[in-house]
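Dear colleague,

I am handing over a structure that you have not worked with before, and the notes below it set out what was found. Please read them with the model open beside you.

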Amino acid sequence: MKTLPAPSTPRHPSQDGHAEGVSNDEFRAAMSRLAAGVVLVTAREPGLDPDDPSAPAGEDVGMTATSFLSVSLDPPLVMVSLREGSRMDDLLAEQPMWAVSVLAESQRHIAGRFAMKGRISDRLLFEDIPYVRGERSGAPLVGGALAALECRTEQTVRAGDHTLVIGRVLTASVPGGDGAPLAYFRGRYRQLG
């Protein structure tokens with residue numbers, strides 16, 4: 001896995017500390033007008049000691065993401081943006097295998113559950129959600145999702161307060177391919193149409 005440094009650009013701070021005078025609120029308002037698909041990114045945290053069967057087992061970790069996109073067809077690459085220092089960012093820095101479930105509009109509750117701040121343990125969040133384990137990643141793939149991908153990290157890039165994780169797609173399926181997608185627009189989950 002290769003990590004590239006963040007590009008250095010000259011900054012001309014404004015009163016709020018941002019280059020060229022754009023404030024957090026202005027940027028957030030502008031970007032809220034960009035509709036995005038909603039995915040659940042998952043990974044399996046390794047156990048404390050894989051050689052000791054009595055050691056605590058690993059835990060499933062999940063997070064809702066709207067910054068997810070296709071990067072390349074050949075090879076098949078995708079990218080997800082993770083808040084720096086988040087649990088998923090820390091886990092994917094160590095664990096190169098992860099998965100993505102593209103959520104259907106009927107799965108708004110799943111998106112909300114894994115996007116909560118100060119949430120309960122991930123183990124409890126997965127408790128009543130139907131899923132299967134990915135054959136390659138071991139990560140949960142949500143039942144009823146429109147598409148499911150298993151990935152291996154190829155590269156990470158630091159970008160401001162986020163880490164861009166580029167993954168090679170190892171498996172792809174469309175178990176619920178005929179449903180409508182869950183979208184995120186102007187700070188809320190939405191249905192298309």
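What share of the contacts in the protein with a separation of 6 or more is accounted for by residues 24 or more positions apart? The figure is 64%, where a contact means heavy atoms within 4.5 Å.

Before the details, a word on the basis of these values. This is a predicted model, in which local features need pLDDT of at least 70 and side-chain atom pairs count only at pLDDT 80 or more, while totals for chains, interfaces and linings use all residues. Residues are numbered from 1 along each chain as its sequence is written, and side-chain values use heavy atoms, with hydrogens and water left out.

On confidence, pLDDT is the predictor's own score for each residue, running from 0 to 100; the protein averages 85, and 84% of the residues score at least 70. Please be careful with residues 8-15, over which pLDDT stays under 50 and for which the model has 8 contacts beyond four places in sequence.

As a whole, the protein has 193 residues, of which 36% are buried; here buried means under 20% relative accessible area, exposed means over 50%, and partly exposed lies in between, with a 1.4 Å probe and protein chains only. The protein exposes about 11,400 Å², with carbon and sulfur atoms supplying 54% of that area, as computed by the Shrake-Rupley method with a 1.4 Å probe, and for residues only the protein chains shown count as cover. Its secondary structure comes to 4 helices and 13 strands, these being DSSP runs numbered from the N terminus (H or I over at least four residues for helices, E over at least two for strands).

One sheet is worth tracing by eye. Three strands form an open sheet in the order β2-β12-β13 with antiparallel pairing, where two strands pair if DSSP finds at least two bridges between them. Its edge strands are β2 (36-37) and β13 (188-191), each of which pairs on one side only. Helix α3 (residues 108-115) packs on this sheet and touches β12 and β13, its direction making about 165 degrees with that of β13; such axes are lines fitted to C-alpha atoms, for helices over the stretch in contact, and the angles run from 0 to 180 degrees between N-to-C directions.

Strand β12 (residues 182-185) is joined to β13 by 4 bridges; alanine 183 has arginine 190 as its bridge partner, and tyrosine 184 stands opposite tyrosine 189. These two strands form a hairpin with 2 residues between them, and arginine 186 in the turn has a positive phi of about 50 degrees. That residue is not a glycine, and it is partly exposed, with a relative accessible area of 46%.

A second hairpin is formed by β10 and β11, also with 2 residues between them, and glycine 160 in its turn has a positive phi of about 60 degrees. Here 11 bridges join strand β10 (residues 147-159) to β11 in an antiparallel arrangement, and glutamate 150 is partnered by threonine 171. Strand β11 (residues 162-173) is joined in turn to β6 by 7 bridges, again antiparallel, with serine 81 opposite leucine 164.

Just before β6 there is a peptide bond to check: the one from aspartate 74 to proline 75 is cis, with omega near 5 degrees, and proline 75 lies in the loop between β5 (68-72) and β6 (77-83). As background, most residues other than glycine have a negative phi, and most peptide bonds are trans.

Finally, the aromatic residues. The structure holds 3 aromatic pairs, counted when ring centres of Phe, Tyr or Trp (its six-membered ring) lie within 6.5 Å, with planes under 30 degrees apart called stacked, over 60 edge-to-face and the rest tilted. The rings of phenylalanine 126 and tyrosine 131 have centres 5.7 Å apart and planes at 70 degrees, so this pair is edge-to-face. Phenylalanine 126 is buried at a relative accessible area of 3%, whereas tyrosine 131 is partly exposed at 31%. Ring pairs link both of them with Phe114 into a cluster. Phenylalanine 114 sits in helix α3 and is buried at 2% relative accessibility; its C-alpha atom is separated by 7.8 Å from that of leucine 40, although the two residues are 74 apart along the chain.

With best wishes
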